[in-house]
Amino acid sequence: MKRDIENIEDIRLLIDGFYEKVKLDEIIFPFFKEMSEEKWAKHLDIMYSFWNNAIFLTGNYTGYPMETHRRISAVMPMQRQHFERWIQLFTMTADELFKGKNTEALKQTAISISALMQTKITKKHENPE
Ligand code: HEM
């Protein structure tokens, strides 16, 4: 029986599972291919905080993800197919591991943020300052 996401340990399981898929994915992995081991470790820690904050409102994430993605996308454009694939991998990982209210909330949050990110980034490509 699958259970719901209940704490930071569960968030870690989810994020680690997600990046196992990302590392094998031809569509998403290219964005991460220059990252050193040290950068990976840092990135994972940031992702644990981000999702812990998003689901359990811990207030421990203080970054600017929109800015980060806009910067990356200026070098390697993030397009609709990338966002679609990201959400597919993220949702697949969540559903493989967990089931419940928090899991549904997490997937919905990912979809909303992704849509917002895509709008902001795509606009920027069409209308560069
Ligand atoms: C096109 C889809 C996406 C790609 C290719 C992508 C890729 C990346 C990359 C390469 C980084 C920077 C890693 C580093 O250099 O440390 C990053 C950071 C991050 N991503 Fe994404 N991402 C995508 C979508 C998303 C979505 C939809 C979310 C949230 C729902 C998200 C959340 C984050 C967060 C929280 C960070 C860390 C930002 C910070 O430094 O504070 N990403 N992403």
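Reader: Why is Leu97 called partly exposed?

Author: Leu97 has a relative accessible area of 37%. Buried means under 20% and exposed over 50%, with partly exposed in between (1.4 Å probe, protein chains only). The value of 37% lies in between, so Leu97 is partly exposed. This is a predicted model, in which local features need pLDDT of at least 70, side-chain atom pairs count only at pLDDT 80 or more, and totals for chains, interfaces and linings use all residues. Residues are numbered from 1 along each chain as its sequence is written, and side-chain values use heavy atoms, with hydrogens and water left out.

Reader: Which residues does Leu97 touch, not counting residues up to four places away in sequence?

Author: Lys2, Arg3, Leu13 and Leu14. Contact means heavy atoms within 4.5 Å.

Reader: What makes the approach of Tyr61 to the ligand a polar contact?

Author: A polar contact is a pair of N or O atoms within 3.5 Å; within protein, one must be able to donate a hydrogen and the other to accept it, and residues adjacent in sequence count only if both atoms are side-chain atoms. A polar side-chain atom of Tyr61 is 2.6 Å from a ligand oxygen, so the pair falls within 3.5 Å. For His69, the partner is a nitrogen atom of the ligand, at 2.8 Å. In Lys39, a side-chain N or O atom lies 3.2 Å from a ligand oxygen.

Reader: Which element gives the largest share of the shell around the ligand?

Author: That is α2, with six residues. Helices (H or I, at least four residues) and strands (E, at least two) are DSSP runs, numbered from the N terminus.
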